[in-house]
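Please take a moment to look over the sequence and the model shown below before reading on. The paragraphs after it are meant to be read with the structure in view.

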Amino acid sequence: VIINDLMHIRQQSQETVHHFWARFLLVKDKIKDCRDEDAISAFRNNCMDEGILNAINRRCISRFADLATIVHKYCTIESAWKI
């Protein structure tokens, strides 16, 4: 059930990673006892941005906090590109 709730949150075309991450967190935070592995897998499977996926795949991520750090850094760069 947990992974199914997260699997419904897909990045839309033209949606920034920042906006996708915000929507993803809204759903994840409502799930009691969400396992890090499930959240990481759901994010990887539903994110369509090749840049963040490459950044994630270059690292061995086992904790959600590590994913959050990478996404935060990527979003900072993404915001700079939009200026």
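What follows is a walk through this predicted model, beginning with its core and ending with its charged side chains.

A good place to begin is the largest nonpolar core, which has 24 residues, and among these Phe-24, Phe-43, Ile-52, Leu-67 and Val-71 touch the most other members. Four helices, α2 (17-28), α3 (36-46), α4 (50-57) and α5 (64-82), each supply at least two residues of this core, and the one that gives the most is α5, with six residues. To see how the core is joined together, the reader may follow Phe-43, which, when its neighbours within four places in sequence are left aside, is in contact with Phe-20, Trp-21, Phe-24, Ile-52, Ile-56, Leu-67 and Val-71.

Several of these contacts lead to α2, a helix of twelve residues that reaches 16 Å from its first C-alpha to its last, close to the 16 Å expected at 1.5 Å a residue. The buried residues in α2 are Val-17, Phe-20, Trp-21, Phe-24 and Lys-28. Because they cover an arc of only 100° around the axis, they are placed on the same side of α2.

A similar question can be put to α4: which of its residues are buried? In α4 the buried residues are Ile-52, Leu-53, Ala-55 and Ile-56. Seen down the axis of α4, these buried residues fall within an arc of 160°, so they line one face of the helix. On the other side of α4, by contrast, Glu-50 and Asn-57 are exposed.

The start of α4 brings the reader to Asp-49, which lies in the loop between α3 and α4 and has a relative accessible area of 19%, so that it counts as buried. This residue caps the N-terminal end of α4, with a side-chain oxygen lying 3.0 Å from the backbone nitrogen of Gly-51, and a polar atom of the Asp-49 side chain also lies 3.0 Å from the backbone nitrogen of Ile-52. The side chain of Asp-49 is further joined to that of Tyr-74 by a polar contact of 2.7 Å. Leaving aside its neighbours within four places in sequence, Asp-49 is in contact with Gln-11, Val-17 and Tyr-74.

In helix α5 the reader can also find Ala-65, which is partly exposed, with a relative accessible area of 40%. Although Ala-65 and Asp-36 are 29 residues apart in sequence, they are 8.5 Å apart in space, taken from C-alpha to C-alpha.

The last part of the walk concerns charge. Side chains of opposite charge can pair when their charged atoms come close. How many salt bridges does a search of the whole structure find? The search finds four, and one of them is formed where the side chains of Arg-23 and Glu-15 meet, at 2.8 Å from N to O. Of these partners, Arg-23 counts as partly exposed at 29% relative accessibility, whereas Glu-15, at 16%, counts as buried.

Elsewhere, Arg-35, Glu-37 and Asp-38 are linked in a network of salt bridges. Within this network, the closest N and O atoms of Arg-35 and Glu-37 are 3.8 Å apart, while those of Arg-35 and Asp-38 are 3.2 Å apart. Arg-35 is partly exposed at 47% relative accessibility, and Glu-37 is partly exposed at 45%, but Asp-38 is buried, with a relative accessible area of 17%.

Note on methods:
Residues are numbered from 1 along each chain as its sequence is written. This is a predicted model: local features need pLDDT of at least 70, side-chain atom pairs count only at pLDDT 80 or more; totals for chains, interfaces and linings use all residues. Side-chain values use heavy atoms; hydrogens and water are left out. A nonpolar core is a set of buried Ala, Val, Leu, Ile, Met, Phe, Trp, Tyr and Cys residues joined through side-chain atoms within 4.5 Å. Buried means under 20% relative accessible area, exposed over 50%, partly exposed in between (1.4 Å probe, protein chains only). Contact means heavy atoms within 4.5 Å. The arc is that of the directions from the helix axis to the C-beta atoms. A polar contact is a pair of N or O atoms within 3.5 Å; within protein, one must be able to donate a hydrogen and the other to accept it, and residues adjacent in sequence count only if both atoms are side-chain atoms. The expected span of a helix is 1.5 Å times one less than its number of residues.
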